[in-house]
Amino acid sequence: LEAEILRMRGQQREALALLARNEPAGVDPVALGLLRATLQLELGMNAEADATVARLREKFPLSVGVANFHTNILLRSGQYEAAARSNQDAFKLHPGNTQARFHRALLLKQRGELTASASELDDLLAKEPDNVPALLLMGRIAMQKGEFDEAVQWTERAREHDRASTLPDAL
């Protein structure tokens, strides 16, 4: 997809203009809409991204990916109550979805429910032990609880997994 290549080159405006001129045939409309919203976010067009995702939610109400993306936008903009509702939608659509579980953990941490947040992350990490954002969030929770040695351990674990994920396949 040419728009994705432009995005990877840092040419978000050109990619967005290309999508506005020509919607490629045969491309998943959810993926295309999420790409458009991502480009809008990267360009600081937050209201437009929110509107794009709202349209996607209307067209594809059973897409957990759209619900998760919407939750992420709402979290970034500090709309925690709306994010919690969107996150609940994602859980209803796919109870085992790790992104929805991560968002739930973020929301719980935001409300100061550190133990509940850590519990959600424990469940997530049982399925995806190399989930770097979850490992980092566990470190932040440990730090907030005053468990500094544990915070360092979580951060080191995240760093190890992050390094491993960026190694070339040939190594």
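**Pocket, ring and confidence: a chat**

Mentor: Let's start with the largest pocket, which has a volume of about 180 Å³. Keep in mind that this is a predicted model.

Trainee: What makes R36 or F60 a residue that lines the largest pocket?

Mentor: A lining residue has an atom within 4 Å of a pocket point. R36 and F60 are on the list, along with E23, P29, L32, G33, T52, R55, L56 and K59, so each of them has an atom within that cut-off.

Trainee: Which helices supply at least two residues each to that lining?

Mentor: α3 (29-42) and α4 (46-59) do.

Trainee: How does the lining divide into nonpolar, polar and charged residues?

Mentor: You get 4 nonpolar, 2 polar and 4 charged. Gly counts as polar, so G33 goes into the polar group.

Trainee: How do you know that R104 sits over the ring of F91?

Mentor: For Arg, CZ has to be within 6 Å of the ring centre and within 35 degrees of the ring normal. R104 lies over the face of F91 at 3.6 Å from the ring centre, so the distance passes the 6 Å cut-off.

Trainee: And how many aromatic pairs are there?

Mentor: The count is 0. Ring centres must lie within 6.5 Å to pair, so no two rings counted here meet that limit.

Trainee: What is the secondary structure of the chain made of?

Mentor: 10 helices and 0 strands. The C-alpha trace spans about 55 × 45 × 25 Å along its principal axes.

Trainee: Where does pLDDT stay under 50?

Mentor: Over residues 167-171, which have 0 contacts beyond four places in sequence. For the chain, the mean pLDDT is 90, and 95% of residues reach 70 or more.

Conventions:
Residues are numbered from 1 along each chain as its sequence is written. This is a predicted model: local features need pLDDT of at least 70, side-chain atom pairs count only at pLDDT 80 or more; totals for chains, interfaces and linings use all residues. Side-chain values use heavy atoms; hydrogens and water are left out. On a 1 Å grid over the protein atoms alone, a cavity is a set of points where a 1.4 Å probe fits but cannot get out, and a pocket is an open set with protein on both sides within 12 Å along at least five of seven lines; lining residues have an atom within 4 Å of a point. Grid points are joined across faces, edges and corners, and a volume is the space filled by probe spheres set on the points. Helices (H or I, at least four residues) and strands (E, at least two) are DSSP runs, numbered from the N terminus. Rings of Phe, Tyr and Trp (its six-membered ring) pair if their centres lie within 6.5 Å; planes under 30 degrees apart count as stacked, over 60 as edge-to-face and the rest as tilted. pLDDT is the predictor's confidence in each residue, from 0 to 100. Contact means heavy atoms within 4.5 Å.
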